[in-house]
Amino acid sequence: MKLTLGPILFYWSREAIIDFYADMATQPLDVIYLGETVCAKRRALSLDDWLGLARDLREACDAEVVVSGLALIEAASELSSLRRLCDNGDLLVEANDMAAVQFLSERKLPFVGGPSLNLYNAFAVAELMNAGMLRWVPPVECSQALLEHLQQQARDQALSLPELEVFAWGYLPLAYSARCFTARAENRPKDDCGFICQHYPEGIPLLTQEGQPLFTLNGIQTMSAGVCNLLAEYPKMRTMGVDALRLSPRATDMGEVIAQFQAVRQGQQPPVLVDGCNGYWHGQPGMLRVEEVGLC
Amino acid sequence: MQLVCPAGSLPALKAAVRQGADAVYTGFRDDTNARHFAGLNFTEKQLQSGLELIRREGRQLYIAVNTYALPDGWPRWQRAVDQAADLGVDALIAADPGVLAYASRRHPALRLHLSVQGSATNAAALTFYHERYGIQRAVLPRVLSLAQVRQVAAGSPVPIEVFAFGSLCIMAEGRCHLSSYVTGQSPNLCGVCSPASAVRWTQEPEALSSRLNEVLIDRYVEGEAAGYPTLCKGRFMVNGKRFHALEEPTSLNTLALIPELDAVGVVAVKVEGRQRSPAYVEQVARVWRQALDSYARAPDRFAVEAGWNQALASVSEGSQTTLGAYHRAWQ
């Protein structure tokens, strides 16, 4: 199974981003996705900087390098920037909005379908394959059972499926809004946000009034409070034919996380218990750690 | 502009028609539509009866088959599309590329509208659905400013419908997993957000608490209006402060924007609320009909009457209304 590194979902400084990828270039990763997927206002790197970094990274390591597009396209400027990303000429693109699918299919370019595209059944996946999708990251709420049913549906209908990449580790991206919740928490208007989210390299924790961590605010994106961790499911995922596991960047200790997945990939027994939530994979509320509540 | 009203039941459909809705949208009684609540929606017989009324009054009926088809439940979605086509409804509202593909190939004469669940917020995405499935209208998510609606409408291959009134989704519809993260049930797959079965109210010594699958959504002291415990409208702790971190419990009300919506080329305004009562539909449809007629009679002199807003406030969440994302401060 391939190990992939998803795009950075948080707003980090230019230096932090450059340092991070210098480190990632030395890791046992098969695919590295990069680019801004959450907020077009984030400008630590311009589109040309991202494309330049992607090409440098491709030279510096053996991993396939993919550039990821924005998930929620609202303004005309965002659409034209996405068009430029799709027109980059040599790098594979991850489409996170149907706009990217449209641009890429018009150009007859293959692409990766990201987790914010709504594809939940084999017919829908086949439609996107027809448009050029060669690898697919299902929505994070898809369970193992749903994906197995989808594989069965594809077999029954003689439909082929793209490579399957599962979101296996990191804060789950749960929702996108026009409103910036980080700016709101800081009492700033969105159009004068002052790039305040750069002060929160792993977002802002949102807790209930009883102190239970519930979500993570990350600009216009709402994420899980829990870090999803599917390392213990590795054998099942291999058996069912998952092609790749996505690890979503955090600000610290990514090397250690990659090492744990790499060790299991190389034959070490996966741990029975891991930190983090895995409810979605088991068809339960995503926030749960199912072993903990005895649902496994 | 066309007035499109919700109907979760036959009495609501009748109320909408009585008060002048140009079109009524509804769904079948299962998870193929995004308002899948107990006691809501239509049996085939009720729908037939509703359709007869619609035909008699010269209005239109739209059917929403707008959840995403589960792989092992595909025949349900297929059947829902076939039923809508057999009934001869005026449009099918759908979001799933698989469902849209099936509908466009199996029933080429069936008019297709892209559901708000399709989460298409730009002209390029709309072009995708238009070129591949021949959609003839699209409902925009409630996340765009007026200027952005104008841009989308100008570049779109199909006419645009927008939400005009009702409960406010602040997340891009179709891109929100908050409900499934906490309850296991999702709008995209089950047609429910913050399902009633997961809600629990508790009167505690100091406050009334609302919980969703045991997660505390809010606490209300005596005299405070309590809202339905939707995840995005609770009061939470962020950086040590307790507040509506995502959104206050308010309703969208765009009466004041009627001239602007018309000017940017919006062809239909949609009222949210298939889960609401026939009385709600009656009230909202009546006010919006009056407002649209008043605008049509004298566009230059259009002004929102105080009585309209009062009538709508009485059926709004927390009796508050907002312009939502149409308001500049959101962008």
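**Exercise 1. Find which residue of chain B stands opposite A:Ala175, and place the pair in its strands.**

A:Ala175 stands opposite B:Cys176, which belongs to strand 8 of chain B. Keep in mind as you work that this is a predicted model. Next, look at the strands themselves: strand 7 of chain A (residues 163-177) pairs with strand 8 of chain B (residues 171-176). The sense of this pairing is antiparallel, and it runs over 2 bridges.

**Exercise 2. Describe the interface of chain A and chain B, from its extent to its polar links.**

Start with the residues: 69 of chain A are in contact with 69 of chain B. Then take the area, where about 5,600 Å² is buried between the two chains and carbon and sulfur atoms give 55% of it. Now turn to the charged pairs. The rule finds 6 salt bridges across this interface. A salt bridge joins the side chains of A:Asp97 and B:Arg175, at 2.7 Å from N to O. Polar contact links 43 residue pairs across the interface, both residues being at pLDDT 80 or more. Finally, sort the chain A side by class: 41 nonpolar, 18 polar and 10 charged residues touch chain B.

**Exercise 3. Work out how domain 1 and domain 2 of chain B meet.**

First set the bounds: domain 1 covers 2-168 + 250-326, and domain 2 covers 177-244. Their C-alpha centres lie 27 Å apart. The contact takes 15 residues from domain 1 and 7 residues from domain 2. About 840 Å² is buried between these domains, with 48% from carbon and sulfur atoms. To finish, count the links: there are 0 salt bridges, while 2 residue pairs are in polar contact (both at pLDDT 80 or more).

Technical notes:
Residues numbered from 1 in each chain as written. Chains lettered and ligands numbered in written order. Predicted model: local features only at pLDDT ≥ 70, side-chain atom pairs only at ≥ 80, totals over all residues. Heavy atoms only, no water. Contact = heavy atoms within 4.5 Å. Buried area = accessible area lost by both parts, 1.4 Å probe. Salt bridge = Lys/Arg side-chain N within 4 Å of Asp/Glu carboxyl O. Polar contact = N/O pair within 3.5 Å; in protein donor to acceptor, adjacent residues only side chain to side chain. Nonpolar A, V, L, I, M, F, W, Y, C, P; charged D, E, K, R; others polar. Pairing = 2+ DSSP bridges. Helix = DSSP H or I, 4+ residues; strand = E, 2+ residues; numbered from the N terminus. Domains from an automatic or database assignment.
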